[in-house]
Amino acid sequence: MDDLITFAIGDIHGCFDKLAKLVAACASAGAGRRTRFVFIGDYVDRGPDSSRVLEFLIDRQLREEDSFVCLRGNHDDLLIRAACEDRTDSDLINWWANGGEQTLESYGINDPCELPANHLAWLRSLPLTFIDQHRIFVHAGIRPGIPIQDQTKEDLLWIREPFLSSEVDHDAFVVHGHTPTQSRLPELRPNRLNLDTGACFGGTLTAAVFTGAERPPALFINSDGHSWRPRGKRK
């Protein structure tokens with residue numbers, strides 16, 4: 001597996017154009033190598049093109065299942081709950097108030113229950129974590145001091161503190177999103193990497209490039225076409 005390159009991509013939030021540009025840039029960077037994509041979740045809401053984002057991801061995963069990993073984010077989970085037959089008014093209002101209105105507009109519908117059945121089924125199938133030799137990929141983070149198998153769904157999808165301020169090693173390097181960085185650049189710490197660079201708030205969409213040799217990222221690439229090394233300058 002040492003020759004495998006992994007591209008981890010942060011929160012998309014309906015920003016299809018940025019997604020398409022970033023995936024193309026990653027594919028170019030990985031040309032001639034074995035590659036894998038890991039998406040950190042939050043594919044819908046807030047941005048203008050949630051429907052196109054899901055269509056793209058579903059199609060690519062069907063064609064490249066082993067090399068196209070998609071995790072569930074808290075916004076994806078909010079949509080799932082809002083589209084359930086037994087949803088509560090609170091489920092629907094909470095999703096709608098957190099960017100769901102833009103998702104409905106992108107589909108041209110009035111109720112999340114009207115989303116294509118295959119889109120909802122795909123969202124429901126998404127795992128909460130992906131683990132490789134050196135890293136744990138998860139949407140929000142993990143609760144420090146708790147084994148990964150004992151983490152709650154709530155924490156994996158929603159946690160901020162005490163995770164963000166923790167300096168614990170976690171026994172693996174944690175790659176996450178969920179909390180937009182103020183700098184609109186990825187936030188790299190010794191024990192974790194935050195890839196939510198606020199794509200839906202005017203920032204770029206960012207990918208971290210991992211090799212099998214070490215835990216931290218070897219390179220960053222964003223949807224503007226820039227690439228740079230973690231402790232160096234942009235190319």
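**Exercise 1. Covering a helix**

Which helices are included in what covers the buried residues of α3? Find them in the predicted model.

*Solution.*
Step 1. Locate helix α3, which spans residues 74–82.
Step 2. Check how well it is covered: eight of its nine residues are buried. These are Asn74, His75, Asp76, Asp77, Leu78, Leu79, Ile80 and Ala82.
Step 3. Look at what lies against those buried residues. The cover includes α4 (89–107), α5 (117–125) and α6 (153–158).

**Exercise 2. The chain as a whole**

Decide whether the radius of gyration of the protein chain agrees or disagrees with that of a compact globule.

*Solution.*
Step 1. Take stock of the elements: the protein chain has six helices and 11 strands.
Step 2. Get a feel for the dimensions. Along the principal axes, the C-alpha atoms fill a box of roughly 45 × 40 × 30 Å.
Step 3. Compare with the expectation. A compact globule of 235 residues would have a radius of gyration near 18 Å, and the protein chain has 17 Å, so the two agree.
Step 4. Add two further views of the fold. Of the 235 residues, 54% count as buried. Among contacts with a separation of 6 or more, 60% join residues 24 or more positions apart.

**Exercise 3. Two helices side by side**

Describe how α1 and α2 pack: at what distance and angle do their axes cross, and is the crossing left-handed or right-handed?

*Solution.*
Step 1. Recall what you need: two packed helices are described by the angle between their axes and the distance between the axes.
Step 2. Find the pair. Helix α1 covers residues 16–29 and helix α2 covers residues 50–63.
Step 3. Read off the geometry: the axes come within 9 Å and cross at roughly 30°. The crossing of α1 past α2 is left-handed.
Step 4. List who meets whom. From α1 come Phe16, Asp17, Leu19 and Val23, and they meet Arg52, Val53, Phe56, Leu57 and Arg60 of α2.
Step 5. Sort these residues by character: six are nonpolar, three are charged and none is polar.

**Exercise 4. Two residues in strands**

For Thr6 and then for Asn222, work out whether the residue is buried or exposed, and what its side chain reaches.

*Solution.*
Step 1. Place Thr6: it is in strand β1, residues 4–9.
Step 2. Thr6 has a relative accessible area of 2%; buried means under 20%, so Thr6 is buried.
Step 3. Look for its partners. The side chain of Thr6 makes a polar contact with the side chain of Arg36 at 3.1 Å. Beyond its neighbours within four places in sequence, Thr6 is in contact with Arg36, Val38, Phe137, Ala208, Val209 and Phe210.
Step 4. Turn to Asn222, which is in strand β10, residues 219–222. Its relative accessible area is 2%, so Asn222 is buried.
Step 5. The side chain of Asn222 reaches the backbone nitrogen of Asp224 at 3.0 Å.

**Exercise 5. Along helix α4**

Explore Ser106 and Ala97: what does Ser106 contact, and does Ala97 count as buried or exposed?

*Solution.*
Step 1. Ser106 lies in helix α4, and so does Ala97.
Step 2. The side chain of Ser106 reaches the backbone oxygen of Thr103 at 2.8 Å. Leaving aside neighbours within four places in sequence, Ser106 touches Pro48, Asp49, Ser50 and Ser51.
Step 3. Now set sequence beside space. Ser106 and Ile148 are 42 residues apart along the chain, and their C-alpha atoms are separated by 36 Å. Ala97 and Arg46 are 51 residues apart in sequence, with 9.8 Å from C-alpha to C-alpha.
Step 4. Ala97 has 58% relative accessibility, so it counts as exposed.

**Exercise 6. Backbone details**

What are the phi values of Arg46 and His170, and which peptide bond ending at Pro162 is cis?

*Solution.*
Step 1. Begin with the background: most residues other than glycine have a negative phi, and most peptide bonds are trans.
Step 2. Arg46, in the loop between β2 (34–39) and α2, has a positive phi near 75°. At 32% relative accessibility, Arg46 is partly exposed.
Step 3. His170 lies in the loop between α6 and β6. Its phi is positive, about 70°, although His170 is not a glycine. With a relative accessible area of 12%, His170 is buried.
Step 4. Pro162 is in the loop between α6 and β6 (173–176). The peptide bond from Glu161 to Pro162 is cis, with omega near 10°.

Key:
Residues are numbered from 1 along each chain as its sequence is written. This is a predicted model: local features need pLDDT of at least 70, side-chain atom pairs count only at pLDDT 80 or more; totals for chains, interfaces and linings use all residues. Side-chain values use heavy atoms; hydrogens and water are left out. Axes are lines fitted to C-alpha atoms, for helices over the stretch in contact, and angles run from 0 to 180 degrees between N-to-C directions. Helices (H or I, at least four residues) and strands (E, at least two) are DSSP runs, numbered from the N terminus. A crossing is left-handed if the near helix is turned anticlockwise from the far one by less than a right angle, and right-handed if clockwise. Contact means heavy atoms within 4.5 Å. Ala, Val, Leu, Ile, Met, Phe, Trp, Tyr, Cys and Pro count as nonpolar, Asp, Glu, Lys and Arg as charged, and the others, Gly among them, as polar. Buried means under 20% relative accessible area, exposed over 50%, partly exposed in between (1.4 Å probe, protein chains only). A polar contact is a pair of N or O atoms within 3.5 Å; within protein, one must be able to donate a hydrogen and the other to accept it, and residues adjacent in sequence count only if both atoms are side-chain atoms. The radius of gyration is taken over C-alpha atoms; the globule rule is 2.2 Å times the number of residues to the power 0.38.
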